[in-house]
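Work through the exercises below with the model open beside you, and try each task before you read its solution.

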Amino acid sequence: METTQQFEPSVPVKTLYEGPRGTAVKILNRVERADAYFDKLLDAELRAKELIDSDKALLAEIVHGVMRWQGRLDWVLNGFFHGNYVKAETNVKNALRVALYQILFLDRVPHHAAVNEAVEFIKRIRGEKPASLVNAVLRNIIRSLDGIRYPDPAQELVQYLSAYYSHPSWMVRRWLERFGREETEKLLAANNEIPDLTLRINRLKIEPLKFLSMLESNGIGYRGSPFFDYFIKVSSLAGISQMDLFRSGYFSVQDESAALPCILLAPQAGERVIDMCAAPGGKTAHIGELMNNEGEITAVDKYEAKLNFIKTACERLGIRNVTYMAADSSELSLPPADKVLVDAPCSGLGVLRKKPDIKWKREPEDIPRLVVLQLALLENGARLVKPGGVLVYSTCTTEPEENASVVQQFLLKHSEFHVDHPLQSLNKSLVTPEGFVETFPHRDLVDGSFAVRLVKSSSGM
């Protein structure tokens, strides 16, 4: 509970939270109150016309940066705060985080500018006394930058890794038990890196070589993917949604790890495919491209609004063989299909590079709760596959309870399915001895993910 009385503004909130730093605090406040995901909030602010392009870039940098490094920022602030930092009023806490992120990580922002912005913001929101506190805390930190101390790894390894690499201690503890210190530290560091943007070239609309020449003519640098010849990486693509290349449907933004389930599914022209958990739609569209618009895809999601988003994306990409169904996929009833994809809801611990807010929203008890849903979806997916058909199970997490364990539990009940080892179609470095496909950010330089191809016997028994 916050101990400070909430401020009731006498001027419009929009005016109070002006500029990139004030807007950043507004977004962080809403994320902390757990009513929204920061990427959607940030996207809404970036689409607004109040900020110039340079301010939009700073806003995105600050919000992502504070989310990524919140654990380290809070460790430092807790050591310098006068009073109980944990119970500090939300505006004060996030103004301090925004300022300290700039002080610790942004060389181009002078320290005094970061402090003054925070002080003036809190003065406007909360008054003179809290503003003086913010000023004192930040200036004390600046004077002590070379003397900041973290927990001693020899005595408190979990606490050290948690504070220094900005991850919840429960996450650090479970990875230490699984990987040991060296690999855990590499994984934590990789999760804090800013990933390149990965593009999937839409071969329905353009040849990859022609697309690359168009990037070059627009002065956009790129490098190829080591896994797929129609995926490329770019370091930046500012204003991506406004580009003619995007509006023309020549590419989608998709990590290579998200392509793996579709490659395992190997949908063929003329087949019937069910995508049981279709939102946000990247895999649905990829399946449509692989099928060359021939055959039928049923994209299923519980929420009509998400289906409309998928439909808009497919229309942009020229995908015309998709039907959309609002339904609970764990109870879905449809005629059996040739191929079924269960890209299950999961803890998302493989995508912390792109969605760092997941670190602070997830709790360890979420994992067993999600496993129940994952098994229910896989169970129903098995019923929706024709004899001789293919069922692909995938997640964007690295956690074995949600991945290999779910598949093993499923196979114990379903002897009619077997794992089809994908060594012929994929880089063998991604495939485990059991035939599971696993990726890790620190090892493969893509998001963490899991996928497996399960084939149903032709007798269905």
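## Exercises on a predicted model

**Exercise 1.** Find which residues Tyr 101 touches, leaving out those up to four places away in sequence, and decide whether Tyr 101 is buried or exposed.

*Solution.* Leaving out residues up to four places away in sequence, Tyr 101 touches Glu 61, Ile 62, Gly 65, Val 66, Trp 69, Leu 73 and Leu 106. The model in which these contacts are found is a predicted one. Next, place the residue: Tyr 101 is found in helix α5, which covers residues 90-105. Its relative accessible area is 4%, and because buried means under 20%, Tyr 101 counts as buried. As a last step, look towards Gly 180, which is 79 residues away from Tyr 101 along the chain, and note that the two C-alpha atoms are separated by 29 Å.

**Exercise 2.** Check whether the span of helix α17 agrees with or departs from what 1.5 Å a residue would give, and list the buried residues of α17.

*Solution.* Helix α17 runs over residues 366-383 and has 18 residues, so at 1.5 Å a residue it should span 26 Å. The C-alpha atoms at its ends are 26 Å apart, which agrees with that expectation. For the second part, the buried residues of α17 are Asp 366, Ile 367, Leu 370, Val 371, Gln 374, Leu 377, Leu 378, Asn 380, Gly 381 and Ala 382. When reading such a list, recall that an α-helix has 3.6 residues a turn, so residues three or four places apart point the same way.

**Exercise 3.** Describe the backbone at Pro 280, and then compare where Asn 292 and Leu 445 lie.

*Solution.* Begin with the peptide bond from Ala 279 to Pro 280, which is cis, with omega near 5 degrees; Pro 280 is found in the loop between β5 (272-275) and α14 (282-290). Asn 292 lies in the loop between α14 and β6 (296-301), and its phi is near 55 degrees, a positive value in a residue other than glycine. Leu 445, in the loop between α19 (441-444) and β12 (449-456), also has a positive phi, near 60 degrees. Asn 292 counts as partly exposed at 44% relative accessibility, whereas Leu 445, at 55%, counts as exposed.

**Exercise 4.** State how many helices and strands the protein has, and judge how compact it is for its length.

*Solution.* The protein contains 19 helices and twelve strands. Its radius of gyration is 24 Å, close to the 23 Å that the globule rule gives for 461 residues, so the protein is as compact as a globular protein of that length. Of those 461 residues, 53% count as buried.

Definitions and conventions: Residues numbered from 1 in each chain as written. Predicted model: local features only at pLDDT ≥ 70, side-chain atom pairs only at ≥ 80, totals over all residues. Heavy atoms only, no water. Helix = DSSP H or I, 4+ residues; strand = E, 2+ residues; numbered from the N terminus. Rg over C-alpha atoms; globule rule 2.2 N^0.38 Å. Buried < 20%, exposed > 50% of the residue type's maximum accessible area, 1.4 Å probe, protein only. Expected span 1.5 Å × (residues − 1). Contact = heavy atoms within 4.5 Å.
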